[in-house]
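Visitor: Please give me a close look at a single part of this model. I am in my first year, and I would be grateful if each term were given its cut-offs.

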Amino acid sequence: MTRPTWISSAQALAALLAGSIFGLGLSMSGMLDPVRVRGFLDVAGDWDPSLAFVLGGAVAVAFVGMFLRRHLRRPALDTAFHLPATAPVDTRLILGSAIFGIGWGMAGLCPGPALAALSLGLAPVMLFITAMLAGMTIHDRMAAPHPGGSRP
Amino acid sequence: MIAYWPSLIGGMLIGLSAALLLLLNGRVAGISGILGRLTQGSQVPTNAAFVVGLMIGPSLYRLVSGAWPAVTIPASLPVVVMAGLLVGFGSRMGSGCTSGHGVVGLARLSPRSLAAVATFLTTGIVTVTLMRLAVP
């Protein structure tokens, strides 16, 4: 992997920009607040539909990005797109997503909002992140199908 | 509807971030994937930069709006720990979370992501409902 240094720096800058916009969007959307996330999942109770607007807006704009990608041979700052290959729906995907959903419902936190909320210095968020990293490590040590795992 | 404008615009910013990361770096904006690769020591500068940006987000919001975003965690600490373990384990086993499957995967019309989102929404709804019934 030898590539000019400026490319690596430009990629890091692009990632910093994308991360900042993601964090700003999360903060604005209300998804940083576990009470509202759980309110969205509480469809049989006092339902808060706002997260449907978050997801709808996010997918709509991301869809434009995916559409533009089809007309590009490579991304602006790399030699190729790094997208997961299409694979069939399998037991690991469903079981893993089911386990994820239980944890998401319990505390109202998922990886993105938890990382963004870390900057607010709340002890429960720090505890959640530590437990989440432990959960990832437990999976990779004991339940990974092959070293490295896979992506969506 | 007015009450949902911040959610819609916030969501669109999340989508813009995912589009930028794809078109500039060719990468999927999946937080569990980015965090996983970071902890495994893969492409550290880029993945670390994204996470730093994510943590800057609330400060940018404060610059724009004048207030910190609300974060209220009513769950007890043992529940928070259990939830964190399940979210970490499940996101690795299911190859993604709300961002990778929920935003990028759905925008790519990926059948795997559609199945993942339907599954974690269902178990999330069941979990919240059961917890409300158990502790009203």
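Guide: What follows is a close look at the place where chain A and chain B meet.

The model is predicted, so local features need pLDDT of at least 70 and side-chain atom pairs pLDDT 80 or more, while totals for chains, interfaces and linings use all residues. Residues are numbered from 1 along each chain as written, chains are lettered from A and ligands numbered from 1 in written order, and side-chain values use heavy atoms, without hydrogens and water.

The whole meeting place comes first. In chain A, 105 residues are in contact with 100 residues of chain B (contact: heavy atoms within 4.5 Å). About 9,500 Å² is buried between chain A and chain B, and 77% of this area lies on carbon and sulfur atoms (buried area: accessible area, 1.4 Å probe, that two parts lose on being put together, summed over both). Three salt bridges are found across this interface (a side-chain nitrogen of Lys or Arg within 4 Å of a carboxyl oxygen of Asp or Glu).

Chain B contains six helices and zero strands, and its pattern along the sequence is α-α-α-α-α-α (DSSP runs numbered from the N terminus: helices H or I, at least four residues; strands E, at least two). Its C-alpha atoms fill a box of roughly 45 × 40 × 30 Å along the principal axes. Of its 136 residues, 57% count as buried (under 20% relative accessible area; exposed is over 50%, partly exposed in between; 1.4 Å probe, protein chains only). Among the contacts in chain B with a separation of 6 or more, 31% join residues 24 or more positions apart.

Helix 6 of chain B deserves particular attention. Arg112(B) belongs to this helix. Although arginine is a charged residue in the salt-bridge rule, Arg112(B) is buried, with a relative accessible area of 9%. Its side chain meets that of Asp90(A) in a salt bridge, at 3.6 Å from N to O. Leaving aside residues up to four places away in sequence, Arg112(B) touches Ala87(A), Pro88(A), Val89(A), Asp90(A), Leu93(A) and Ser95(B).

The last of these neighbours, Ser95(B), is in the loop between helix 4 (77-93) and helix 5 (100-107) of chain B. Ser95(B) is buried at 5% relative accessible area. Its phi is positive, about 55°, although Ser95(B) is not a glycine. Most residues other than glycine have a negative phi. Leu109(B) also has a positive phi of about 55° without being a glycine. This leucine is in the loop between helix 5 and helix 6 of chain B. With 61% relative accessibility, Leu109(B) counts as exposed, whereas Ser95(B) is buried.

Helix 6 (111-134) of chain B has a further role in the packing around helix 2 of chain A. Helix 2 of chain A (residues 34-41) is mostly covered, as six of its eight residues are buried. These are Pro34(A), Val37(A), Arg38(A), Gly39(A), Phe40(A) and Leu41(A). They pack against helix 3 and helix 4 (91-107) of chain A, together with helix 6 of chain B.

Aromatic rings form the next topic. Over all chains, six aromatic pairs are found (Phe, Tyr or Trp six-membered rings with centres within 6.5 Å; planes under 30 degrees apart are stacked, over 60 edge-to-face, the rest tilted). The ring centres of Phe53(A) and Tyr4(B) are 4.7 Å apart and the planes lie at 10°, so this pair is stacked. Because Phe53(A) is in helix 3 (residues 50-69) of chain A and Tyr4(B) is in the segment before helix 1 (5-25) of chain B, the pair joins two chains. Phe53(A) is partly exposed at 24% relative accessible area, and Tyr4(B) is partly exposed at 22%. Ring pairs also link Phe100(A), Trp104(A) and Phe120(B) into a cluster.

The cysteines complete the picture. Zero disulfides are found over all chains (cysteine sulfur atoms within 2.5 Å). Cys110(A) is in no disulfide, and its nearest cysteine sulfur, that of Cys97(B), is 6.2 Å away. Why is the sulfur of Cys97(B) not bonded to that of Cys110(A)? The distance of 6.2 Å is too far for a bond. Both cysteines are nevertheless buried: Cys110(A) has 2% relative accessibility, and Cys97(B) has 1%.
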